[in-house]
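Subject: Handover of a structure

Dear colleague,

Please find below the structure I am handing over to you. My notes on what was found in it follow directly after.

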Amino acid sequence: MLENLNIPTDIEKEPELAIPSIEEQKRIVETLKRLEEAGELTPELLEEYMTGKRTIDEDS
């Protein structure tokens, strides 16, 4: 089934994101919960946190 799958050789790979520490993950969850309770959590904001485009340090 996968024999028809052709991946271009010149495709650019996205850099791998470092996995946040447990403490950082807890802070992210707390921030997301706070934003959700305030009605300020948008899909775009959630995506920024989940893809590493936004970090807790930026919000401090």
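To begin with the largest pocket, helix α1 contributes the largest share of its lining, namely four residues. Please bear in mind that the model is a predicted one. The lining comprises 15 residues in total, and A18, P20, I28, G52 and T55 are those that lie nearest the centre of the pocket. Two or more lining residues come from each of α1, α2 and α3, the last of these covering residues 56–59. The volume of this pocket is about 310 Å³. Sorted by class, its lining holds seven nonpolar, four polar and four charged residues.

Helix α1 deserves a closer description. It runs over residues 22–37, and its 16 residues should span 22 Å at 1.5 Å a residue; the C-alpha atoms at its two ends are 22 Å apart, so the model agrees with the expected value. Four residues of α1 are buried: I28, T31, L32 and L35. Because these buried residues fall within an arc of 100° when the helix is seen down its axis, they line one face of α1. The face turned away from that buried side carries the exposed residues I22, E30 and E37. After the helix comes G39, which has a positive phi, near 75°.

The buried side of α1 leads to the nonpolar core. Which residues make up the largest nonpolar core? There are six: I28, L32, L35, L45, Y49 and I56. Both α1 and α2, the latter being residues 43–51, supply at least two residues of this core. The largest share, three residues, comes from α1. As background, nonpolar side chains in soluble globular proteins tend to be buried together. I28 thus appears twice in these notes, as a member of the largest nonpolar core and among the residues nearest the centre of the largest pocket.

Several individual positions were also examined.

- E30 is part of helix α1. Its relative accessibility is 54%, above the 50% cut-off, so E30 counts as exposed. E30 and E40 are ten residues apart in sequence, and their C-alpha atoms are 14 Å apart in space.

- L17 belongs to the segment before α1. With a relative accessibility of 55%, L17 counts as exposed. Between L17 and I56 there are 15 Å from C-alpha to C-alpha, and the two are 39 residues apart in sequence.

- L5 is likewise placed in the segment before α1. L5 counts as exposed because its relative accessibility is 54%. From L5 to I56 the C-alpha distance is 39 Å, with the two residues 51 apart in sequence.

- L41 sits in the loop between α1 and α2. Its relative accessibility is 28%, which lies between the 20% and 50% cut-offs, so L41 counts as partly exposed. L41 and T51 are ten residues apart along the chain, and 15 Å separates their C-alpha atoms.

In summary, α1 gives the largest share of the lining of the largest pocket and the largest share of the largest nonpolar core.

With kind regards

Note on methods
Residues are numbered from 1 along each chain as its sequence is written. This is a predicted model: local features need pLDDT of at least 70, side-chain atom pairs count only at pLDDT 80 or more; totals for chains, interfaces and linings use all residues. Side-chain values use heavy atoms; hydrogens and water are left out. The expected span of a helix is 1.5 Å times one less than its number of residues. Buried means under 20% relative accessible area, exposed over 50%, partly exposed in between (1.4 Å probe, protein chains only). The arc is that of the directions from the helix axis to the C-beta atoms. A nonpolar core is a set of buried Ala, Val, Leu, Ile, Met, Phe, Trp, Tyr and Cys residues joined through side-chain atoms within 4.5 Å. On a 1 Å grid over the protein atoms alone, a cavity is a set of points where a 1.4 Å probe fits but cannot get out, and a pocket is an open set with protein on both sides within 12 Å along at least five of seven lines; lining residues have an atom within 4 Å of a point. Grid points are joined across faces, edges and corners, and a volume is the space filled by probe spheres set on the points. Ala, Val, Leu, Ile, Met, Phe, Trp, Tyr, Cys and Pro count as nonpolar, Asp, Glu, Lys and Arg as charged, and the others, Gly among them, as polar.
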